[in-house]
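Hi,

Here is the structure I promised to pass on. Have a look at it first, and my notes follow below.

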Amino acid sequence: MNQVDLHLHTTFSDGTLTPTEIIEISANRGLKYISITDHDSTEGIDEGFKAARQYSDLELIPGVELSTDVPGTEIHLLGYFVDQNDSEFQNTLSVFRDSRKERAKRMVKKLSELNVKISWERVQEISNGASIGRPHIAQAMVELGYVNYPKDAFDKFLGRNAPAYVERIRLTPSDAIELLVKNGAVPIMAHPTFAIPNMNKDGLSKLTEMLVEMKEAGLAGLEVYYGLYSTEETNKLRTIAEDLELICTGGSDYHGSGNPEEAKIGTVGPPVTTMDLLKNSRKMT
Ligand code: AMP
Ligand code: ZN
Ligand code: FE
Ligand code: FE
């Protein structure tokens, strides 16, 4: 078990555990630092801080995850030590959440045209006021037996190149980094293999190119410890990060999604020494 897990989702976006449950599990597993990083929302942070007061050995880092658009794929950015009281930032997040809702509605309609009859009401019930995402739609599809697991819903219908996919408002990576920096948050590129699935020579040089550009905009780190990354993958990513003087961070990206082979809370993350690097980086912004 690790001592740090800096990528966790709650019921305030597409996770299935509440912030309180995440904190309790993390504390029971002996974690020292965790971050709640919901999609386009910091609404779970207060509950997380409240629950964390019970556990003096556990520190909660307030975080957020933003999705950005690059041709053909997407890049997710994590922001650590996000200032939730920044009203301009909150206004922007709420525009993103509205766009998520409209997009989800359109995806349900598209699914219906493809003879997948899930109801918008049920999707709203599942999301229960959270920052709505495709996993909520996937869950409704699992419930009605259209697919066995959420990931199958992505493969067949909801993924970027699948028939029920609908776009939503997204920033460029540089704009998202700027938004985070302006807020005082420390920007990190999440799960790089999302954007670069093939870590061959071409893939790695494309990733390096992206990172150089993002670093100019203020990127501070790269998620090299992630979910089910192999040691080999992590080592390749760590070499790139170190060459570019980016902080090596990471976490499980736990959602409690019900997919088989999901990394559990606290099973993956950076060493404790990373926390000092992140805290120093915060002071510099
Ligand atoms: P959205 O925020 O609506 O764009 O949905 C993105 C979220 O869906 C990610 O954060 C993951 O939780 C989940 N997701 C993305 N791709 C897949 C996939 N292939 N299988 C299962 N879940 C996925
Ligand atoms: Zn998610
Ligand atoms: Fe992500
Ligand atoms: Fe995530």
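The zinc ion (ligand 2) sits 5.5 Å from the iron ion (ligand 3). Asp14 and His39 link distant parts of the chain: Asp14 is in the loop between strand E1 (4-8) and helix H1 (19-28), while His39 belongs to strand E2 (residues 33-39), 25 residues apart. (Helices, H or I with at least four residues, and strands, E with at least two, are DSSP runs numbered from the N terminus.)

A quick word on the basis. This is a predicted model, where local features need pLDDT of at least 70 and side-chain atom pairs count only at pLDDT 80 or more, while totals for chains, interfaces and linings use all residues. Residues are numbered from 1 along each chain as its sequence is written, chains are lettered from A and ligands numbered from 1 in the order written, and side-chain values use heavy atoms, without hydrogens or water.

Back to the zinc ion (ligand 2): Asp14 (OD, listed twice), His39 (NE2) and His255 (NE2) coordinate it at 2.0 to 2.8 Å. (Donors are N, O and S atoms within 2.8 Å of the metal, or 3.2 Å for Na, K and Ca; water is not among the atoms, so sites may look incomplete.) The donor residues follow the spacing D-x24-H-x215-H. Asp14 and His39 are both buried, meaning under 20% relative accessible area, with exposed over 50% and partly exposed in between (1.4 Å probe, protein chains only).

Then there is Gly256, in the loop between strand E7 (247-251) and helix H11 (274-284). Gly256 counts as buried because its relative accessibility is 17%. Setting aside neighbours within four places in sequence, Gly256 contacts Thr16 and Glu262 (heavy atoms within 4.5 Å).

Cheers
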